[in-house]
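Hi,

I hope your week is going well. I am passing a structure on to you, and below it you will find what turned up when I went through it.

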Amino acid sequence: MARLADRQAFERYAAEAQARWERLWAGDHWVISVGISECSIAKGALETYRHLELLLAQEGIPATLRRVGCAGWCFAEPFVEVRAPGAPPVVYGNVTTDRVPDLVHALKRGEVKSEWALGARADEPFAGVQPLSQHPFLARQRRLLFADAGVIDPESIDDYIARGGYRAFLKALFEMTPDEVVAEVKASNLRGRGGAGFPAGIKWESGRRTQAWPKYVVVNSHEGEPNVFKDRRLLETNPHLVLEGLLIGCYALETPYGYNYIGGEHALAVERFQEAVRQAYELGLLGDNILGTSFSCHIRVRTGGGAYICGEGSALMYAIMGQRGQPRTKPPRSVEEGLWKRPTVLNNTETFASVPSIVLNGGAWYASLGTEQSTGTKLVTIQGPVKRLGVAEIEMGMTMRELIFEVFGGMREGYRFKGVQTGGVSAGPLREDQLDVPVDFDSLTELGGMLGSGGFVVFDESVCAVDFARYLMAFNRYESCSKCNPCRLGNPALVEILDRIRNGFGRPADLDIIREGAKHIIELSLCGLGQVAPMPLLGMMKAFPEEFDAHIREKRCPANVCPIREAALVAAGDD
Amino acid sequence: MAVGSPARLVTVTINGQQYTVPEGMTILEACRMVGIEVPNLCYQPLLRPWGSCRICTVEILGRRGGLVESCAAQVRDGMEISTDSPACEESRKFVLQMYLVDHALDCPTCDKSGECYLQDNTYYHNVYANPYRRPKIAGPYKHLSDLIDYKWERCIICSRCTRVCDEVIGVTAIEVLKRGLEAEIGTAYGMDLRDTTCTSCGMCIAVCPVGALTDRKFAHHPWELDATETVCGFCDVGCTLNVEHNRGLVRRVTHLWERGVNYGYTCVRGKWGYEQVQHPDRLETAMVRRGDELVAVPLDEALDLVAERLRRYQGDRFAALASPDNTNEENYLLQLFTRAVMGTNNIDRLATRSQGAVDRALLDSFGLPVSTNSVQEMFTHSACALVVGPSIGDRAPVASYWLYWSRNYRETKTVVISRDDYPLCHRAEVWIRPPEGTEAAVINAMARVILDEGLARPAVQSSTFQEWVASLRDYEPERVASATGIPIEKIRRAALLYATGGRGTPGTPGDEGYPPSVIYHTLAHQDGDVYAAAVALNNLALLTGNAGRPGAGVIAFRGPANAQGTLDMGCHPAFLPGYRPVSDREARRQLEAAWLPRWSATVVDGFEPLRALPATPGSSLEQMIEAIEAGQIKAMYVAGSSHEFAPPIEPRLLSALEKLEFLVVEECFPSPLTERAHIVLPAAMFMEKDGTFTNADRTVQRLRLAVDPPGDARPSWWLIQEIARRLGYQLAFSHPSLVLQEVTHLTPIYRGIIFPRLERGPLTWPVRGLAGPAEGAVRLGATVPGGGWAIWMEQAFGGVESALQFDDGLSRERVRFVIAEQATRTDEER
């Protein structure tokens, strides 16, 4: 590939890519796409892919076998999308290797395995298969970032360009000044997707205002929380979208230096993003004098070593600089003194991924999505005993009940909903009677929950509130960076008290000690992570006070999870 | 710390009282400034705010208030601060309770007990119960090295140690390992510190607020110790040490934060050098040679003998070598003894050839063998540092600390030219590793780049400049690069960085030119001929206008603690005290008036009182060797200073000394000198005497007696006076302060430097009178009103300028470009 010299060259290239894309879907050969991402690999997608490859060759079917990214439907992995000549593409779920021969033979016979089909990519039902968009998992979603998820090959810049990629960057580069870009982002009221919800436009604006040079733009793809996986899925399925957002960010800040800090455990995400960067360099969308303009941009990928704290802005910057990842005191804020003491604009992966559509369609259009204070769409992930696990992209403002029971399909057979843990490990749970709260930044916070990065954990009656609180606290205790006293020493103290309660040695005063200690930890901790560390515990105590009472006063664990009886017996010296 | 420009002031209310403090100060500093103590554990002067202990929490009152960490939050105008509100107290109590969950509380056996911040605060905040109490977790002692121990359960992970190691020492030998409660201090892969980049400076122990990092050589209770503030005698940075001693022995050295030129920080020699002072090998008795053997004799007897023998060698048959480790007062007395008693100018320093070459280079270029600027300007003015020579981290460690510090906090740029591989090389913008003997060629090539780029702003426009430019024709950067194997880009970049004050690109300089660049060099510690390289550096400074302004200049570290002061005091064959030439009749007359009346009238054994001071320059060290070989010099007095950190004595000198008829050696350790001596006088070392040292940047500081010298050992000033008296010359100074008083009186450059003022802190000569402010930067000017030569003194405050004028009758320019003949040698060899 030669570097594209100017805008015309890009337009020509895009037209060719689009033509290739259309030819792909118009010919009389089969097109079979297999979703390959870390979640589907775990469920055997690579084996499915190899099996398909073999069978197609064996059967002599003229086919294009493609690898695409994850489409968010973790419950249906591994999935295979088949377009037979003359028919719309149909998506089949849970195609493990043992199903592959059946599927191929059926298709060869011209049949459709409608019992395995998730839906057809058509507006009308096809051979008993509903249109994919009417699948209950997708029907309520509004997909901007995940629009091409599972459709394009994440390792192909051509696919991305064919689907309209880098149009937003070109629009910004050739038709807008950096100030106008910032103004659009500001008008969109896009709020940071990492958890704190700080308006990105305002951050970019203050980044522009700071005079020092050079400046840096950093994508935070660390995503270290135990129950969130939206960013890695996004990077695995559409890395160019993030890259385009980062490019626009660099252009808005008029700086040639961009970083993406990706958690080291997200191996495939790192690989695919690096590949995207390589392709963009090759095509001349990165490098010096991009498309013949005076704008240059260089992007580096840095990976983390597995410390949760490195997702905190300033700790992340120390990690990029090669130092121990620990937060620092603020002010100065990162937009004043970040990487190498220079202004640094840091946003979440999802935030950057939202930028291209804002630039293309305008901030006002984006602001019309979602609620007034929380605009746009949000990627949410869920865990727990629900029917349809996965990543969903919803418009802000959908109620939690709709999200859990319609999008994610409600509880599985034999499980009764007890609560949903919000905000990862940084906030409290919601009980069933609180589920009508809209999923947005402010409403959840009012109830003691938190939107955070959009990771929810649904739990049922078999989960003990004390035990679950202990799990969440222990995460914070082990992931404390050890810098500040309240977080390093306070969290272990709370975990120890919880252990005491779990083991049946709780005292009524313990709850007061927890409240008192938690208050100090929240007040005194250095960074955001310490300041919210006791929140899940306080939330559990507020939502399920009766369970804590049962542990302490009745020495009984209602869910029968805690080692309360055995411990008490051992202590009593009984046999 | 000296602050260049006064900051804007803001008004804050602290605990109901209004104060006006500089803007940009942290709340903690503001409180300290106005005398309100805020408890703190992780705060350490000179390090960036850390904010980990949270015990310095204060409450900001008002609408946007709340609890903030005072060590990091800055004062704002109109801020209302409470340092002792109930919320603060409660928070601090919580913080302490948290620490005490696992803190060992083994205070009775802890070295730190009595000066432990955690102990103090626990007591102060009355923490006696702990609701978070549980059985303590304990860990074994970790022996980080043979000097340093670590105990996890005492550690509060304040990171002072790791920060000082990284930000100031620059070695990053220790770091916080692991996370959360399990965090601990340690080395990479659990290596012994001795196998890492660790310099064993002990600063991690020094900054530890608790007893987590401890000194393995120390086992006393702090409250049993007496403390004496003095100056280190092991290099010419001149660090202030707090020597703690009891029962006549130094037990440890501690740190007076924010005091002295080192702000309390020291290196391995400062921290553990006291072991040299009380080394079992120290000489404790006078010794006289009987046949092949040295026999111990009472000191009086030895002194009598010295006097009796020296009587025969008055005049140029006698020579003396002064020790650059001795105090100004002692060296002044030794040159006085040589000139006014023995009647000869045969006096020089016991220095290596490289030290001599560096002094000569400075003398030739700037008219005085002195560093032109102060190290302290690294904190305020210097924007770029060119560091040349063997590892400055070993040779002048504490000066290297400021290089790291200013890189961190002032973003100064660093260019290193060194064959040694030490941490600064890896942090520097450019590191050039020249093959042996090619330093001068590389530096001259840099000068060529600067000339070619049009960045030259010569400080002196004279014929020497043109001649020197012409002499550079052999140093085309391309040629030097190919001859030395150094990439030409490195030479170019080094030159551009230096010439533009760290900007690296020519661009347009501001009204006052490019920011200043300073040269630090340790060439005096390098073997071989370093004159050409030292001169080339001086020329580079003159070429770029980096002479005569703050933050610029050349600072040469010459090794021994008083290398500078020894020269200042006139231990030089051609210079009287204060660099007045021996040929200067006026100066001689003044000194004769002060010195000669001390002769008693009686003539003993043909030893005549002197009528006049010798007017012709005597033999330098090199010439002395020849003169001994030729039999012209027959007797010598050598003040030795052998200790572990002293440079080796030249073999040529040693073999010459064997030919002397009579050699008196004043020494603190058995050494090659004592082996050749006829009489050995035991001398005191720096912790055992009073006096002053003048460090590499001309800062005069007070030495204080902490412990008595061992056995019969006496300070040199006492020994010389005793010998002089026995020769009929009445030297009767009862204390070095009286000697310095005479120096001050007779030596223009030392005017204003007297003991009472030194008690308050260091003084950098030249100082202005007795009343004026002491800090000043020397400007060396070529064009001086009246045609003489002057040291220009620019006052740091108020911009007052004054000049100390000297007219030494020499016709040559005092500040000039010097061409070193041998500089081209290496180029041709290759």
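A word on the term "domain" before anything else: the domain bounds used here come from an automatic or database domain assignment. Please also keep in mind that this is a predicted model.

With those bounds, chain A splits into domain 1 (22-138), domain 2 (157-367), domain 3 (377-460) and domain 4 (465-574). I spent most of my time on domain 2 and domain 4 of chain A, whose centres, taken over C-alpha atoms, are 37 Å apart.

The two do touch: 14 residues of domain 2 of chain A are in contact with 10 residues of domain 4 of chain A. Together they bury about 1,000 Å², and carbon and sulfur atoms supply 68% of that area. On the domain 2 side, the residues that lose the most area to domain 4 of chain A are P226(A), Y308(A) and P327(A), which together account for 48% of what that side buries.

What holds for charged and polar pairs across this interface? The rule finds 0 salt bridges between domain 2 and domain 4 of chain A, but 5 residue pairs in polar contact, both at pLDDT 80 or more. By class, the domain 2 side that touches domain 4 of chain A has 5 nonpolar, 5 polar and 4 charged residues.

Over in chain B, an unreviewed UniProt entry annotates residues 225-281 as "domain: 4Fe-4S Mo/W bis-MGD-type". The end C-alpha atoms of residues 225-281 of chain B lie 25 Å apart, and the span is 16% helix and 33% strand.

Happy browsing, and best wishes

Key:
Residues numbered from 1 in each chain as written. Chains lettered and ligands numbered in written order. Predicted model: local features only at pLDDT ≥ 70, side-chain atom pairs only at ≥ 80, totals over all residues. Heavy atoms only, no water. UniProt positions renumbered as here; feature names shortened; annotations may be inferred. Helix = DSSP H or I, 4+ residues; strand = E, 2+ residues; numbered from the N terminus. Contact = heavy atoms within 4.5 Å. Buried area = accessible area lost by both parts, 1.4 Å probe. Salt bridge = Lys/Arg side-chain N within 4 Å of Asp/Glu carboxyl O. Polar contact = N/O pair within 3.5 Å; in protein donor to acceptor, adjacent residues only side chain to side chain. Nonpolar A, V, L, I, M, F, W, Y, C, P; charged D, E, K, R; others polar.
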